[in-house]
Amino acid sequence: MIRYIIKILYFNFVLKIYFFFSFLSIKKFFIYKDLIKNIKQTKEADELFIFGSGNSINKLEDSVIENIFDYDTFGFNQAYFSSLPFKYYGFELIESSDVIKNIDEFNNIYINNLLKYLNKVKLTQLVIIKDPNIKLLKLYSKFSKIEKKFFLKNFIEIPAHSKQNIESYFSLIKKIERSFPVLKSIKYLDKKRSSLIAYIDLFRRAGYKKITLIGVDLINSKYFFQSDEYKFNNIFDPLPQSQPNMNLHKTEDKKYGDLIFSEILEAYINSHKIEINFIR
């Protein structure tokens, strides 16, 4: 637990100060604070649709997509391959991977694709840079001419190794939030097995009552943009990564950890009384 607290202090103070002064040298690239406050100021509904990169996105009918975008939306990682006009977006660059051979090539293509997307989609209001890496400042600087609000956020792994542990953790956080409401606005983004847990918690704290997950396909790991069913107009360069070929998504496979995503999500829903649905 002491190591966990040290991580929180490092990510929330030391690293943020470093990035603040580093980005001062990048003309026009201003890093905003108060992520929760900015989401609250721009949200227009109590329901949010979150898009991942699963193949089920290709199965959405056009009428369903049109209806979804009457609400607030958030896309993350490779969801931009749909070219859909997400209100909020989150991404991370890769440091290591078991399916990507050339990390530098992947990050360069990824950033250039994301630049195309952000230049094309004017409706995107804020962008979350997940786990910013000091070594990648040169790549982040490519956003200097993009007129969007950017937020740096580090995701910290929850110190829990069983379903009972995670339930106790969520219950403790909920009690602390009730005693100190201000923490809902300033708390770090905590995750376990999946960044999606942290994103869900972020938007709950911003006031969303119902969250629907799309393209979060736990039964397989296929990407919608590498599928034969890919239905969207592709303006992006292909990413140099292997197509996963697993019956279960990695976050749902106990070979990679005792806790799986569905167990963590169930514990989260029970603790926070938020409605979370899937469209697959």
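**Exercise 1. Determine whether lysine 273 is buried or exposed, and describe its backbone.**

Solution. Step 1: lysine 273 has a relative accessible area of 70% and is exposed; buried means under 20% relative accessible area, exposed over 50%, and partly exposed in between, with a 1.4 Å probe and protein chains only. Step 2: lysine 273 belongs to the loop between α9 and β9 (275-279). Helices (H or I, at least four residues) and strands (E, at least two) are DSSP runs, numbered from the N terminus. Step 3: the phi angle of lysine 273 is near 55°, a positive value in a residue other than glycine.

The model is predicted: local features need pLDDT of at least 70, side-chain atom pairs count only at pLDDT 80 or more, and totals for chains, interfaces and linings use all residues. Residues are numbered from 1 along each chain as its sequence is written, and side-chain values use heavy atoms, with hydrogens and water left out.

**Exercise 2. Carry out the analysis of phi, place and burial for serine 83.**

Solution. Step 1: phi of serine 83 is near 60°, a positive value in a residue other than glycine. Step 2: serine 83 is placed in the loop between β2 (72-76) and β3 (88-91). Step 3: with a relative accessible area of 15%, serine 83 is buried.

**Exercise 3. Describe how helix α6 packs against helix α9.**

Solution. Step 1: the axes of α6 (residues 163-179) and α9 come within 9 Å and cross at roughly 30°. Axes are lines fitted to C-alpha atoms, for helices over the stretch in contact, and angles run from 0 to 180 degrees between N-to-C directions.

Step 2: α6 and α9 are therefore roughly parallel to each other; angles under 35 degrees count as roughly parallel, over 145 as roughly antiparallel, 65 to 115 as roughly perpendicular and the rest as oblique.

Step 3: α6 and α9 make a right-handed crossing. A crossing is right-handed if the near helix is turned clockwise from the far one by less than a right angle, and left-handed if anticlockwise.

Step 4: on the α6 side, the residues that meet α9 are Lys163, Ile166, Glu167, Phe170, Ser171 and Lys174; their partners in α9 are Glu263, Ile264, Glu266, Ala267, Tyr268, Ser271 and His272. Contact means heavy atoms within 4.5 Å.

Step 5: by class, the residues of this contact of α6 with α9 are five nonpolar, three polar and five charged. Ala, Val, Leu, Ile, Met, Phe, Trp, Tyr, Cys and Pro count as nonpolar, Asp, Glu, Lys and Arg as charged, and the others, Gly among them, as polar.

**Exercise 4. Which residues does serine 271 contact, leaving aside its neighbours within four places in sequence?**

Solution. Step 1: serine 271 is located in helix α9 and is buried, with a relative accessible area of 15%. Step 2: its contacts beyond those neighbours are Glu167, Phe170, Ser171 and Lys174. Step 3: serine 271 and serine 168 are 103 residues apart along the chain, and their C-alpha atoms are separated by 9.1 Å.

**Exercise 5. Describe the packing of helix α8 on helix α9.**

Solution. Step 1: helix α8 (residues 195-205) and helix α9 (residues 261-272) pack at an angle of about 15°, and their axes are 11 Å apart. Step 2: the angle makes α8 roughly parallel to α9. Step 3: α8 passes α9 in a right-handed crossing. Step 4: α8 contributes Leu196, Ile197, Ile200, Asp201 and Arg204 to the contact, while α9 contributes Phe261, Ile264, Leu265, Tyr268 and His272. Step 5: the residues of the contact of α8 with α9 comprise seven nonpolar, one polar and two charged.

**Exercise 6. Locate the buried residues of helix α2 and identify its contacts with α8.**

Solution. Step 1: in α2 (residues 35-42), the residues Leu35, Ile36, Asn38 and Ile39 are buried. Step 2: they cover an arc of only 165° around the axis, which puts them on the same side of α2; the arc is that of the directions from the helix axis to the C-beta atoms.

Step 3: the axes of α2 and α8 come within 9 Å and cross at roughly 60°, and the crossing is right-handed. Step 4: Leu35, Ile36, Ile39 and Lys40 of α2 meet Leu202, Phe203 and Arg205 of α8. Step 5: this contact of α2 with α8 has five nonpolar, no polar and two charged residues.

Step 6: arginine 205, found in helix α8, is buried with a relative accessible area of 2%. Arginine 205 and isoleucine 36 are 169 residues apart in sequence and 7.1 Å apart in space, C-alpha to C-alpha.
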